[in-house]
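I set out to look up the pocket, the nonpolar cores and one lysine in this structure. My entries follow in the order in which I made them.

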Amino acid sequence: RSWELLAHLNCPRRAFMERFSAGGRSTGRMRFGSAFKEGMRRYLSGERDSLEEAVLGAVGEKDFGGPALDEYWERQAREALASCEAWAAGLREALVSEAGSWSLEADGHEVTGEHGPVIGDRGGHVMVRISTSKYPASYADAAGDPTLALQALGTEAQGAKLVYPRKLSRGKPAERPLATDEGWREAFAGEVRGALAEMAAGEIPARPRDEGLCEGCAFRIICPLHMEDEPWSG
């Protein structure tokens, strides 16, 4: 599954350790994100004529843990929708395919995952990943985002971008594109094949994609890359 592959690409050792601590209920923020995206799906598919009706309906169906929390997340939805109607209408007009599933064959392995809507943009297809975070990724991080790259590869889109409806810039959601320089598909496909080979062989090297991943890692204290920083490790 795509999340397993992406976790390995981020850091094989961290992905291995997280297997033993996975579980628990999803957070209210995660439930809000899934509800918002379900509302977007209903609007883009034509099930609802109004984005507001679609999103508020999907958010209203979620149980966030009580009336006060339900009301809080409804307010968050209304805040996000304040300037999104025109943007969403344009997205629906440019729609090539709705959000759905994708699969990818690589060296005898099948990778599967979910993707956002795909739109026509400047003669090519672009996969749109919608994030309900209030804090957009930097342009540099989005340019090399393996999730965007994998979903673009799986949908055979020529590009991909992150869109943040809750972070308005110039009256519309903030956008962060994936870097699609010449040869990017072949280069990333090579990374995918290498990761799949490691996963099949049971290799779990400590190899973070970037140093920022280490800062919030729950397993840093027992990671061979950082043990020398601890006073008791000598």
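**Notebook: pocket, cores and a lysine**

I began with the largest pocket of this model, which is predicted. I found it lined by 46 residues, with Lys37, Arg129, Ile130, Thr147 and Gln151 lying nearest its centre. I noted a volume of about 1,400 Å³ for the space in this pocket.

I then asked which element gives the most to the lining of the largest pocket. Helix α3 (residues 28–44) does, with nine residues. Sorting the lining by class, I counted 20 nonpolar, 13 polar and 13 charged residues.

Next I turned to the nonpolar cores. The largest has 27 residues, and I recorded Leu5, Leu150, Leu178, Phe188 and Val192 as those with the most contacts inside it. At least two residues of this core come from each of α1 (2–10), β2 (100–106), α8 (146–155), β6 and α9 (184–201). The largest share, six residues, is supplied by α9.

I looked up Phe188 separately: residues up to four places away in sequence aside, Phe188 touches Leu9, Pro146, Ala149, Leu150 and Leu153. Apart from the largest core I found another, of 25 residues, including Phe36, Trp73, Ala80 and Val128.

My last entry concerns Lys161, which I located in strand β6 (residues 159–169). Is Lys161 buried or exposed? I entered Lys161 as buried because its relative accessibility is 15%, and buried means under 20%. Beyond its neighbours within four places in sequence, Lys161 is in contact with residues including Ile119, Val128, Arg129, Leu148, Glu175 and Leu178.

Technical notes. Residues numbered from 1 in each chain as written. Predicted model: local features only at pLDDT ≥ 70, side-chain atom pairs only at ≥ 80, totals over all residues. Heavy atoms only, no water. Helix = DSSP H or I, 4+ residues; strand = E, 2+ residues; numbered from the N terminus. Buried < 20%, exposed > 50% of the residue type's maximum accessible area, 1.4 Å probe, protein only. Contact = heavy atoms within 4.5 Å. 1 Å grid on protein atoms, 1.4 Å probe; cavity = no way out; pocket = protein on both sides within 12 Å on 5 of 7 lines; lining within 4 Å. Points joined across faces, edges and corners; volume = space filled by probe spheres on them. Nonpolar A, V, L, I, M, F, W, Y, C, P; charged D, E, K, R; others polar. Core = buried A, V, L, I, M, F, W, Y, C linked by side-chain atoms within 4.5 Å.
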